[in-house]
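Trainee: I should like to learn how to read a structure of this kind. May we look at it together?

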Amino acid sequence: MSNNYFNTLALRDQLEQLGKCRFMHLNEFTEGVDALKGKKIVVIGCGAQGLNQGLNLRDSGLDVSYTLRQAAIDEKRQSWKNASENGFTVGTYQELIPTADVVLNLTPDKQHTAVVTEIMPMMKKDACLSYSHGFNVVEEGMQIRQDLTVIMVAPKCPGSEVRAEYVRGFGVPTLIAVHEDNDPQGQGLALAKAYAVGTGGHKAGVLMSSFIAEVKSDLMGEQTILCGMLQTGSILCFDKMVEKGIDVGYASKLVQYGWEVVTEALKYGGVTNMLDRLSNPDKIKAFDLAEELKDIMRPLYNKHQDDIMDGTFSSGMMADWAEDDVKLLGWRAETAETAFERTPAGEMEISEQEFFDHGILMVAMVKAGVELAFETMTAAGIIADSAYYESLHETPLIANTIARKKLYEMNATISDTAEYGCYLYNHACLPLLQDFMKNIDTDVIGKGTVNDDNGVDNARLIEVNTALRTHPVERIGGILRGHMSDMKAII
Amino acid sequence: MKIQLQQCYFDFEQGFQLQDINWQIETGQHWVITGANGSGKSALVATLAGFGEKIAGSSEGIVEAVALVSFEAQAALIERERKKDDADILDVIAVGTTVHQILAEGDVNASVVKDLVEKFALNYLLDRPFRALSTGETRKVLLIKALASEPQLLLLDEPFDGLDADTLTMLQQYLVKLSHKISIVMVLNRCDEIPDFVTHLGYMREATLAHCVARSDEIAYRELQQLLHLKTSDLQIPPTADSSAKSLLDPDQPLVLLSDICVKYDQLKVLQDFNWRIDAGQHWQLCGPNGSGKTAILSLITGDHPQCYSNDIFVFGFNRGNGESIWQIKQFIGYVSTALQWEYRVGTSLRNVIVSGFYDSIGLYSKATDKQRNIADQWLALLGMQGRADQSFNKLSFGDQRLLLIARAMVKHPPLLILDEPCLGLDDINRQLVLALIEKICAAGLSTVLYVNHHSEDTIAGIENYKNIQKHSSNVD
Ligand SMILES: NC(=O)c1ccc[n+]([C@@H]2O[C@H](COP(=O)([O-])OP(=O)(O)OC[C@H]3O[C@@H](n4cnc5c(N)ncnc54)[C@H](OP(=O)(O)O)[C@@H]3O)[C@@H](O)[C@H]2O)c1
């Protein structure tokens, strides 16, 4: 096995790479897809990202075809159907890789070493190899032929969104990077920009970053707030309501749809807006709960970030790969058996506001998770813009998947890496919050407060509002959402 | 008082027939009957005064004390007076009946006449011969006669037509007072004239009373008003911003040329060897049962079907799959379908929805120019939605959303306008609204219209080419 690339760098280089992140302006994309025009793009793998990115690139006027492993073609697997029913040329590595000017590697991360090792010798001289996630390069230290240009174009959304937003005439925020060790002709950036335009990403905002910053922030976000916190929160909130005698159908529905509803408010005005949806007394309650949660969970967030930084996380996961995913599969089965997962949502109506009023604890968990993830990432040297996308921005997108089909859907949509990290977090976080949950009652989850009196202490309210509004994630969020809403009226 | 007509048919002169009339008027109600010209609204109201020959159906509670003021009644009175004069064989020049005499005829309340003559400022005319009056003046005389006959039911067909402003105000105030005592039924063409005391609206279409709406039903009432607006006002399709994409097209080439199209999913063939050529200016209707591949054909044209790259498709000068982007194709197309409406779940403003048609986007991601905003506002006015530009699209009724999406599709005057079952899911009144709008668009001749429908009875005036496709699903061997 190769070395962890990040760990081979000197501290000063590590810091420089981690701190690389710049929000690009729309006028930097005036050349459109020109750099890719007439080039032959071959995509390896036709799953969530592969299919949807390919559809967008083709609709942007580019030449796209797919290459799949032999077995997928022979057995006419789903990936083969995805590509051929959509009218793409599909071929074997031998048939297509040697003709490609640009190869998009969109296979699962754990296959990257094997796939890249196999196709690299077949690639044309001076061609380009692209990733949508930098794990292989950063964590596994993949060594790539010196004549090849290596870039990354990583949409900050599940594949289905990548397509849906494009069709609407928009795109999803996208992170691009050039692997500096592999940019022999200095064309990497031009290619990555054209690729981002081809998927529509430039309309929603592009962050120019580095492979390292992408990996270290992406892993942190997905393990903690995005997937881990939502999974742990779902289980704890549901179990608490059942313990307190709330109708199981109601409890199941409140949690399944609640994440989506409360995090929708994040899209419009960040954490502040989400808490502003509560009455003043409830807002103060949510704030206090979140403070308590942050104190309890901070060491866990630090541990996740540390393990990601020093490679402990990836080597642990790669060890599981080597054991045929025994841990991952065990955790997956365990999740399917949780009471929350097994209880169908009831038929009752829950109004949008009721999700807030009866879900104060859920609001507090989202606040705590978003802020902690953001704080931990930026403390580790990741730039605020990047930390924002990997925490607050993506939370509503993941919450949507839970609304569709609970934890099953979430874990099926996210990558295996995210899923593994999510379970890891969940396992540590459940016991950590045990004592905290003992003091929780239905006033903050399930029934809401029964305050006739909406009175609060002025000084305390001002304190809470100021703390909310001046949190660094709100500052950068205001700027980035401003960029987006210049272009996007509907969010 | 309660008048009830059930499944009534009335014959009128020249073969005109009112059909299947179902109508109930109760004490305290005041009606306005509207509809396009020739829809039979005057005839309907006249039946309450005994006109027309009932040939079928049952009518109950027809009131005796009815007064009718209408163009026809006015013409009849003038005609009667003309005949009288002609019949006069005296050697002197006929003066004819004076206004005074006309007003005194029949069973009228003299003090009401006196009062109204003053109110209408007709004093100076009393001694003139009726035949010498202008149209407006005879109309006033007729109104006075009708009001002074103290009817239980007053029928007014376009009573405000041709009245000067002062008289109009006076009459309206008078009617308000009267409405506390008797029932009033009016025929009106313009919806902005509907007085506040009116409680019900009836809409005539093709000789039948198609809709009766209580004013308290706000949504239905507003829809009906919109329909009237579209049907009865002389509207112009707003201009487009700058140049339409039309200028990029070679007029000698077809807009669309589909050759030997095949579409299949998994093992199922949906289309096979399908050919179609659409030339500019040829309006088409595409018909076929569900599942016959209509939507597939459309999405091959619009570029939304992924198999458009594996078929022989020529659209707007592009052979598909040669480096063009779908946005280059979409700039030539305006598109409306139910599916689009499902997709268009956004909280953006009505104005932005229309402007988004310039960008072919769902939602608006670019800053609108002043000109675009202005055009959007003109469209809203055309739809009878002026003043609602900042309302939120997702709060609109289903029918209003559809209208707005049609405006969105038309805003750039696309060379090809595709309307995929534009009436699907709409109730009758909204269907009428949509069809009225489409007819306006066809008549304007700005776009080639491709209209898709699975039943062929919803035809649109101006479409003369038909393409019928049969269900063709078969398994690939
Ligand atoms: N999902 C996300 O939200 C997301 C977001 C941004 C970036 N990404 C990145 O995008 C990349 C692809 O992720 P994904 O979620 O699209 O994966 P996916 O849905 O699991 O699809 C993977 C594709 O690769 C093929 N494949 C699997 N094993 C293979 C092997 N050994 N050799 C060749 N092909 C193989 C699969 O087809 P067969 O099994 O039929 O061969 C399938 O078509 C990853 O780098 C991921 O980190 C994902």
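Trainee: Which of the 26 residues around the ligand come nearest?

Mentor: Please keep in mind that this model is predicted. Those that come nearest to the ligand are A:Gly45, A:Gly47, A:Gln49, A:Ser79 and A:His133.

Trainee: Which element supplies the largest share of the shell around the ligand?

Mentor: Helix α3(A) does, with three residues. In chain A, α3 (48–59), α7 (112–119) and β7 (149–155) each supply at least two residues of this shell. By class, the shell holds 12 nonpolar, 11 polar and three charged residues.

Trainee: At roughly what angle do the axes of α12 and α19 of chain A cross?

Mentor: Helix α12 (residues 211–243) and helix α19 (residues 360–379) of chain A cross at roughly 160 degrees, and their axes come within 10 Å. Angles over 145 degrees count as roughly antiparallel, so α12(A) is roughly antiparallel to α19(A). The crossing of the two helices is right-handed.

Trainee: Which residues make the contact between α12(A) and α19(A)?

Mentor: Among them are A:Ser217, A:Met220, A:Gly221 and A:Thr224 of α12(A), and A:Leu361, A:Met362, A:Met365 and A:Gly369 of α19(A). The contact has 10 nonpolar and six polar residues, but no charged ones.

Trainee: How many residues of chain B are in contact with chain A?

Mentor: The size of an interface is often given as the accessible area lost when the parts come together. Here we may consider residues instead: 22 of chain B are in contact with 17 of chain A. The side of chain B that touches chain A has nine nonpolar, 10 polar and three charged residues.

Methods
Residues are numbered from 1 along each chain as its sequence is written. Chains are lettered from A and ligands numbered from 1 in the order in which they are written. This is a predicted model: local features need pLDDT of at least 70, side-chain atom pairs count only at pLDDT 80 or more; totals for chains, interfaces and linings use all residues. Axes are lines fitted to C-alpha atoms, for helices over the stretch in contact, and angles run from 0 to 180 degrees between N-to-C directions. Helices (H or I, at least four residues) and strands (E, at least two) are DSSP runs, numbered from the N terminus. Angles under 35 degrees count as roughly parallel, over 145 as roughly antiparallel, 65 to 115 as roughly perpendicular and the rest as oblique. A crossing is left-handed if the near helix is turned anticlockwise from the far one by less than a right angle, and right-handed if clockwise. Two residues are in contact if their C-beta atoms, placed from the backbone, lie within 7 Å. Ala, Val, Leu, Ile, Met, Phe, Trp, Tyr, Cys and Pro count as nonpolar, Asp, Glu, Lys and Arg as charged, and the others, Gly among them, as polar. A residue is near a molecule or strand if its C-beta atom, placed from the backbone, lies within 6 Å of it.
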